[in-house]
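Here's a quick look at one helix pairing and at the cysteines. Have the structure open as you read.

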Amino acid sequence: MTVGVRDQWDLVVKRNDLTVSEVRDAPRNRLGEGEVRLAVERFGLTANNATYARFGDDSVIAFWRAFPGPSGYGRVPVWGFARVEESSHPDIAAGSRYFGYLPMSTHHVVTAEPMARGFADTAAQREFLHPWYRTYEPAGDPDPLDDRWALLHPVYPAAFNLADLLEQQAALGARSVLITSASSKVAIGLVEELAARQVPLSAVGLTGGRNTAFVEGLDLYDTVASYDALSSISVAGPTVFVDLTGDPARRTAVCERFTNELCHTALVGFTHPTATVLPPPGLAGPEPQVFFTPAIEMETIAKEGADSYYTRYAESEKRFVEYSASWLTVHDRRGPEAIADSFRSLLAGEQAPNTSDILRP
């Protein structure tokens with residue numbers, strides 16, 4: 001069955017120069033058994049998407065393999081809402097709406113396998129991805145908060161699961177947490193969740209100089225400082241270091257400055273253009289732990305039970321999405337030119353932390 005057919009195109013990005021993009025017509029191939037054609041409705045752009053592109057050829061991550069493009073080009077992965085335009089699966093209805101992992105395109109074809117919370121994409125070319133990236137959640141009818149969900153739902157699991165980690169570290173005696181990229185959505189979500197849980201940790205946020213005033217204005221951190229002021233701040237040990245930059249120099253500087261105070265180092269994100277997948281060798285302090293959110297979340301669900309985990313997760317995420325209206329302005333943009341422009345701006349670090357774009361093909 002088919003609903004609301006429209007023209008198809010892909011926005012492809014040059015893999016050796018991410019600032020160069022082209023719009024290519026996309027073929028409308030006949031669906032195979034069990035396949036579903038999703039019409040992309042809207043998606044958000046955050047530092048995550050720049051990470052997918054920058055590390056797309058890395059042997060550890062290889063995100064370009066998710067949505068292959070023509071030779072020398074790739075389709076950047078994004079997260080957003082899509083509606084089933086055509087379905088050859090008896091249990092996936094045309095017209096139904098989902099949230100999941102998508103390319104910068106008008107459409108995306110998946111091989112659907114229904115599950116308790118939506119369906120999984122079992123297409124062979126994406127088998128290398130963690131199941132987290134191949135799960136499509138039912139989205140229901142459009143909601144006034146959908147633009148904010150599109151931006152925050154992909155990154156909030158990291159904040160929520162990090163809050164679990166920090167709650168555990170506090171119980172073991174930690175007195176503070178030091179967070180880099182303090183203006184990022186993950187960092188803001190984390191400190192807001194710690195405050196909601198009343199976790200007894202002093203929160204220290206490090207950020208770029210131009211973002212200091214914004215981070216201070218959130219009134220979530222106990223201390224805010226620029227990276228340049230690292231040598232002038234102090235922390236109450238034992239301290240947990242949560243790095244969201246992925247930048248080797250930033251990681252090294254923090255670990256050397258607070259070697260004696262650190263009790264745990266969690267390497268989480270890659271917000272900075274100079275980020276690397278692997279940590280720098282010989283990092284001072286405790287052995288750094290790579291915090292891969294999809295795996296951590298699955299471990300937590302296995303221990304806690306899906307119903308319990310998703311209930312408390314949903315309550316926290318809803319509160320944070322609503323809270324974002326107090327500090328995050330969302331701009332609605334449409335068409336491939338707007339998408340390409342927004343992505344270039346993201347790569348260049350031009351987007352202020354209190355604004356984000358929602359894109360519609």
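What follows covers a helix contact and then the disulfide question, all on a predicted model.

## How the two helices cross

Two packed helices are described by the angle between their axes and the distance between the axes. Here the pair is helix 3 (residues 156–171) and helix 7 (residues 293–304), packed at an angle of about 55 degrees with their axes 10 Å apart. That angle makes helix 3 oblique to helix 7. As for handedness, helix 3 and helix 7 make a left-handed crossing.

## Who touches whom

On the helix 3 side, the contact is made by Pro157, Ala158, Asn161 and Asp164. Facing them from helix 7 are Thr293, Ile296, Glu297 and Thr300. Sorted by class, the contact between helix 3 and helix 7 is a mix: three nonpolar, three polar and two charged residues.

## Disulfides

A disulfide is a covalent bond between the sulfur atoms of two cysteines. How many disulfides does a search of the whole structure find? The count is zero.

Why does Cys255 not bond to Cys263? The closest cysteine sulfur to that of Cys255 is the one in Cys263, and at 12 Å it is too far for a bond; the cut-off is 2.5 Å. Looking from the other end, the sulfur of Cys263 has Cys255 as its closest cysteine sulfur partner, again 12 Å away and too far for a bond.

## Where those cysteines sit

Cys255 counts as buried, because its relative accessibility is 1%. Cys263, with a relative accessibility of 31%, counts as partly exposed.

Notes
Residues numbered from 1 in each chain as written. Predicted model: local features only at pLDDT ≥ 70, side-chain atom pairs only at ≥ 80, totals over all residues. Heavy atoms only, no water. Axes fitted to C-alpha atoms, helices over the stretch in contact; angles between N-to-C directions. Helix = DSSP H or I, 4+ residues; strand = E, 2+ residues; numbered from the N terminus. Parallel < 35°, antiparallel > 145°, perpendicular 65-115°, else oblique. Left-handed = near helix turned anticlockwise from the far one by under 90°. Contact = heavy atoms within 4.5 Å. Nonpolar A, V, L, I, M, F, W, Y, C, P; charged D, E, K, R; others polar. Buried < 20%, exposed > 50% of the residue type's maximum accessible area, 1.4 Å probe, protein only.
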